Amino acid sequence: MNSKTFFSLIFSVTFLSSCAQENTPKITTPANPNYSYETVVSGIDIPWGMAFITANDFLVTEKSGELYRVSAGTKTAVTGLPDIYVRGQGGLLDVALHPEFTTNNTLYITAGTNIEGDSGGNTALYSAVLNGSQLEAVKLLYKATPNTKKGQHWGSRIVFDGKGHLFFGVGDRGNRDENPQDLGRDGGKIYRLNLDGSIPEDNPFVNEEGAKKAIYSYGHRNPQGMTLHPETGALWETEHGPRGGDEINIISPGKNYGWPKITYGINYSGTPITDDTALPGMEQPLYYWVPSIAPSGMTFLYSDIYPEWKGNLFVGSLSFEYLERVVLKNNTVVQREKVLADIGRVRNVVVGPDGYLYVGVEGKGILKIVPQS
Amino acid sequence: MKWIISTLLLGIHALGVYLYQEKPLEQSIADGAEIYQDFCLQCHGSKGEGVAGAFPPLAQSDYLKNELEASIRGIKYGMKGPIKVNGVKYDGVMANQGLEAEEIADVMNYVLNNWGNKSSKQITPQEVVAIKKTK
């Protein structure tokens, strides 16, 4: 071995180990959890999205392309979905109710679709009117292009800002070198639309030539968690990093979140993606997970059902199979705790209209966390 | 006359088999490697090692060897419920990845010829097509 090889070896070993260093605070597991859970509905393999009409009447998406309406524990398949393109991590994704659902029965879904007739697919956003267990007036509001047969990174969550807009995300679609940093391309973006699907006049890139006008922020890898902070109204997001480098971000208009120019993660093979974890003009995550927990859905909890958890952030972990309780202090993560340790791959978590936490677990269905009295 | 027809039919059959086997094993394995990177690696690992307790290994897996048809069926339609791999019980969900028959054949050939696995028999797309959802 000559000295050059030797030093590059030393360098890469140091570099890789520094990248792979576990981030603090360490996850803890409570010895005597003071809660249990009930299964609200079972027999759903990948419960991706969840939307509550009332506490006993809600919608669940099954990634393989089924939408269920669950009323008092009985699930009915909803008909009238658009054609869903199921491939890799794509399929039927999120479902969300229009802020005025009680009067207009309108909902939104995101899904992998192919409407162009070529090969492959990409993420689309639809609105539809729910009539019992039937979708009517299905309307395509946005379709990311181009279609690709890649299996990765479709996003997606749908979130409303309470000011007449909705947000949804699309992952980089397995093309990190072209998509996330290019405003003229879809993928690796958070989008903002008016509720009718039109583009808000004050979107950050409406005047930028060649840019997709629906883009709100960019430089994302795969946003699968998104929620509005109930107190500040800020848009919070989690995204999957590669090996290490999963992130929590607060999304601001027009900002670049850096993927793949900066990341705290490395390739699955162990090789580096970039030397940089920070660059000018690119946002730092509020928190990053090393090792990766594979964050899915997320929600803040502000109900009074679990007094000790009030104000905490909850994030599903697919890879470590638990729900993570994240305690924040001045937007810094100060504590991380396992809830429902080893429960299975946690796909989603929402707070129901009754203030309870509802958790979507792969192969199990929807679980409701119940405090022990 | 009869033997002419027979010879002709045999010839057509041979041609069919020839065209069928058009993709050499090496090419199928190479194509399968790409599919593996895209659709399988995240759970089953870059060396087919799996994740203890969660995702079964593919490297030197007895299940893969003994339950070839069930393995292909699993990729094609998805699978769930308890299985035993190398003496360890797994009870998870593998989602249908939406792969085409040729892609499933390719990824099977890749997996069956890597990480200490060795298979003399090439999986063909036709074989994959023939496998139905339930036995």
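Two residues are in contact here when they have heavy atoms within 4.5 Å of each other. On that basis, 16 residues of chain B touch 16 residues of chain A. Please keep in mind that this is a predicted model, in which local features need pLDDT of at least 70, side-chain atom pairs count only at pLDDT 80 or more, and totals for chains, interfaces and linings use all residues. Residues are numbered from 1 along each chain as its sequence is written, chains are lettered from A and ligands numbered from 1 in the order in which they are written, and side-chain values use heavy atoms, with hydrogens and water left out.

## Where the chains meet

The size of an interface is often given as the accessible area lost when the parts come together. Buried area is that loss, found with a 1.4 Å probe and summed over both parts. For chain B and chain A the buried area is about 1,300 Å², and carbon and sulfur atoms give 46% of this. Three residues, B:D38, B:Q42 and B:V93, supply 36% of the area that chain B buries against chain A, more than any other three residues.

Now for the polar side of the interface. A polar contact is a pair of N or O atoms within 3.5 Å; within protein, one must be able to donate a hydrogen and the other to accept it, and residues adjacent in sequence count only if both atoms are side-chain atoms. Between chain B and chain A, 9 residue pairs are in polar contact, with both residues at pLDDT 80 or more. Helices (H or I, at least four residues) and strands (E, at least two) are DSSP runs, numbered from the N terminus. Helix 2 (25-39) and helix 3 (41-44) of chain B each supply at least two residues of the side that touches chain A. Helix 2 of chain B gives the most to that side, with 3 residues.

What kinds of residue make up the side of chain B that touches chain A? They divide into 7 nonpolar, 5 polar and 4 charged. In this grouping Ala, Val, Leu, Ile, Met, Phe, Trp, Tyr, Cys and Pro count as nonpolar, Asp, Glu, Lys and Arg as charged, and the others, Gly among them, as polar.

## Salt bridges

A salt bridge is a side-chain nitrogen of Lys or Arg within 4 Å of a carboxyl oxygen of Asp or Glu. The rule finds 21 salt bridges over all chains, and 5 across the interface of chain B and chain A. In one of them, B:E103 pairs with A:K149, the closest N and O atoms being 4.0 Å apart. In another salt bridge, A:D45 and B:K80 have their closest N and O atoms 2.8 Å apart. This pair crosses between chains, from A:D45 in the loop between strand 2 (35-41) and strand 3 (47-54) of chain A to B:K80 in strand 1 (residues 79-85) of chain B.

## Two sheets in chain A

Two strands pair if DSSP finds at least two bridges between them. One open sheet has 4 strands in the order 7-8-9-10, with antiparallel pairing. Its edge strands are strand 7 (92-97) and strand 10, each pairing on one side only. Strand 9 (residues 122-131) is joined to strand 10 by 7 bridges, and A:Y126 stands opposite A:L140 in strand 10.

Another open sheet of 4 strands runs 11-12-13-14, and its pairing is antiparallel. Strand 11 (158-160) and strand 14 (215-218) each have a single partner strand, so one side of each is left without a neighbour in the sheet. Strand 13 (residues 189-194) is joined to strand 14 by 3 bridges, and A:I190 stands opposite A:S217 in strand 14.

## The loop between strand 10 and strand 11

This loop of chain A holds A:H153, A:P146 and A:S156. Their backbone angles are listed here.

| Place | Feature | Angle |
|---|---|---|
| A:T145 to A:P146 | cis peptide bond | omega near -5° |
| A:G155 to A:S156 | cis peptide bond | omega near 20° |
| A:H153 | positive phi in a residue other than glycine | phi near 60° |

Methods:
Buried area is the accessible area (1.4 Å probe) that two parts lose on being put together, summed over both.
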